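User: I would like to go through the cysteines, the nonpolar cores and the aromatic rings of this protein. Please keep the answers short.

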Amino acid sequence: MPDNKKFFESLSGAGKAIAVLTSGGDAQGMNAAVRAVVRMGIYVGAKVYFIHEGYQGMVDGGDNIKEANWESVSSMLQVGGTVIGSARCKDFRTHEGRLKAAHNLVQKGITNLCVIGGDGSLTGANLFREEWSGLLAELLQQGLIDEEATQKYSALHIVGMVGSIDNDFCGTDMTIGTDSALHRIIEVVDAIMTTAQSHQRTFVLEVMGRHCGYLALVSALACGADWVLIPEMPPEDGWEEKMCQKLSAKRAGMKRLNIIIVAEGAIDRKNQPITSEHVKDLVVRCLGFDTRVTILGHVQRGGTPSAFDRILASRMGVEAVLALLETNANTPACVVSLCGNQSVRLPLMECVQMTQEVQKAMDEKRFEDAVQLRGRSFQNNLRTYKLLAHRKPASDLPVSNFNVAVLNVGAPAAGMNAAVRSAVRVGISEGHKMFAVNDGFEGFCKGQIKEVNWADVGGWTGQGGSLLGTKRTLPAKHLDKIAEQMRKYNINALLVIGGFEAYLAIMDLLAARGTYEELCVPMVMVPATVSNNVPGSDLSIGADTALNAITDTCDRIKQSASGTKRRVFIIETMGGYCGYLASVGGLAAGADAAYIYEEPFDIRDLQSNVEHLTEKMKTSIQRGLILRNENSNENYTTDFIYQLYSEEGRGVFDCRKNVLGHMQQGGAPSPFDRNFGTKISAKAMQWISKKLNESYRRGRVFANTDDSACLLGMRRRALVFQPVVQLKDETDFVHRIPKKQWWLKLRPLMKILAKYKTSYDVSDSGQLEHVVLNRSKASEATAAI
């Protein structure tokens, strides 16, 4: 840490001027990015400017370029769109327009630009940078600037952040705004499903994505749509008949509704458009089904940003400032991107060129190349959708003669049902018989086991909780009965979906293999818990839904005080001893502090926080937000902290407290949790199939090696299978948390954005990488979600 602290402090912004603008179409989360750039810039000592109305404001100058202060970005974290405005600017496309823009920047001393927009906006920024020295020479020649200004402002530095709901920019897994747009789509789909079911209707939904099918593909994956049409992978010729056959088969199977999702840029193999109206007419003409079209339009751009987008934008904004501080005259323009769970910097024009290559591939009907150019995440989504949405005829299925059991263990988490659905359907596709276990290991030992088929898990993706039922019971005391049931049903493999109890359960079963031969089968655990406290995985199914519940509630609580002067809210979150929800929820909600077990605090820290809030309340900031993890400290309880703040803040602010409780576990799963659960579970089942084939000898399955009992988790940029025995040393079993947790690096970021002086670990920053298109099968095996 000392080295990192020294490195961070060496990145002084004193004497530098940074300008931030949003350009092109708006996207939820842009305001969070602007807020992070402004506050991080001020924190390091730089002057920060808003450029209102995008490039148009840069060309027009005047009041469009204003210096920002700390309070300028208060209360904007939860606001959708962009409060500094965005515009598509024809003037900036001309040399004369860019000359005016350069003059306006030089007058303010601005040589560092943070551009938030799509590939067109970022391409324009790079052109501006390349022309900069020539533009200054022209301004000097015209007498608009002097020689000293030419020397002083000789280089323009550009860092981009991609704000686009379409997620159409190559080089990043997710762009700012995409997750929020998916929230809007899924909210509509969930609502439409109820009315469609009532009337036995087919709904055709058109979503945005003129050149990119990401929103259509992922929303189809998240809601279990019957058919999806995207520009990157047009359907094969004759698709109309195949689609109608599938819809008809679904109705014959007693399904009361059909959902078809169409990207606005959907095309056929001849590059002719496929419209939502055309699809509707086709269904009505061929099947006679009552069919409706819903075009979501700009609803997808609206509303408050999701927790994911707020966190992504905040991380990217801070990273963008660090990148600007490290640039020199030879540093190429870069874009701050997300790869897996890591923020990375990539050369801007490499990403732009690859993005343009996708469109070129589609124009030339090289659709396989188009999908590959979109990146690993897109390919993984498409593969998984095809696997789960289209059931192969029984004659085409392999015959494995293996029986695989799926069960939920621990507390319920949103997304568990999506994971079970995925496991069952992938297992059936692999030729296995799939068995569902009710009520975890408690149900297992009682024989609550039944075979499930493809249709049994239809419609499970969007349902919260655990439809199988889940209990915290561990297998250690019931091993005789569990072994008996394994024999009775000839269970050859186990997929356990759950939290810390599931992790302990796999360890119990592994330890008992020497006594019970029936337990010598492949076992894999998929982490699913709102607490996100499972060793071996950066993320767990359910945590994103819980974060959104916390963020939404915090927004409402803060809004409740909009007519009240100077109020501080103390909010308690779940998580056991794991501070993930409090810390990351605090970052997403704009909290002033988050008290957690992993970062011990005492009365002096509490007093310091009260004094800090008192000082802030003397400015225009009128509301404070404090989060506390439920087990952060046995003495400094939520009531104690509430009473302390009430007493010490008397005369300056008043206090309210709120315990969020089980609402963090409830509700429909977020799009992220639906897709994460679907893809990680599909990968787990493919691993099981591989292990079953490897361990089948002399007419039976026998697997007793350490690597036959694994946990599948997200580690930085990839999904990784890890033997549970290797995770023992990484685990604090007393407090049920990993000994090292990646998100602790985000806590200083939350403190900086709340105006605390702290050190920020930049060990993962500063590396400019290159866009790599890895075509090997090995890369597919570790494709990040």
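User: How far is the sulfur of Cys-351 from the closest cysteine sulfur?
Analyst: This is a predicted model in which residues are numbered from 1 along each chain, local features need pLDDT of at least 70, side-chain atom pairs count only at pLDDT 80 or more, and totals for chains, interfaces and linings use all residues. Side-chain values use heavy atoms, with hydrogens and water left out. A disulfide is a pair of cysteine sulfur atoms within 2.5 Å. The closest cysteine sulfur to that of Cys-351 belongs to Cys-170 and is too far for a bond, at 7.9 Å.

User: How many disulfides does the structure hold?
Analyst: Cys-655 is in no disulfide, as the nearest cysteine sulfur, in Cys-554, is 15 Å away. The number of disulfides in the structure is 0.

User: Is Cys-655 buried or exposed?
Analyst: Buried means under 20% relative accessible area, exposed over 50%, and partly exposed in between (1.4 Å probe, protein chains only). Cys-655 has 4% relative accessibility, so Cys-655 counts as buried.

User: Which helix gives the largest share of the largest nonpolar core?
Analyst: A nonpolar core is a set of buried Ala, Val, Leu, Ile, Met, Phe, Trp, Tyr and Cys residues joined through side-chain atoms within 4.5 Å. The largest one has 155 residues, and Met-161, Ile-261 and Leu-495 have the most contacts inside it. Helices (H or I, at least four residues) and strands (E, at least two) are DSSP runs numbered from the N terminus. The largest share of this core, 13 residues, comes from helix 11 (residues 307–326).

User: How many residues does the other core, with Cys-351 among them, have?
Analyst: Cys-351 is buried, with a relative accessible area of 0%. The core that includes Cys-351 lies apart from the largest one, and its residues also include Leu-105, Phe-169 and Val-352. The number of residues in this core is 41.

User: Are the rings of Trp-687 and Phe-721 stacked or edge-to-face?
Analyst: Rings of Phe, Tyr and Trp (its six-membered ring) pair if their centres lie within 6.5 Å; planes under 30 degrees apart count as stacked, over 60 as edge-to-face and the rest as tilted. Here the centres are 5.4 Å apart and the planes are at 15 degrees, so the pair is stacked.

User: Which strand holds Phe-721?
Analyst: Trp-687 is buried at 9% relative accessible area, whereas Phe-721 is partly exposed at 25%. The two are 34 residues apart, with Trp-687 in helix 23 (residues 671–695) and Phe-721 in strand 25 (residues 718–723).
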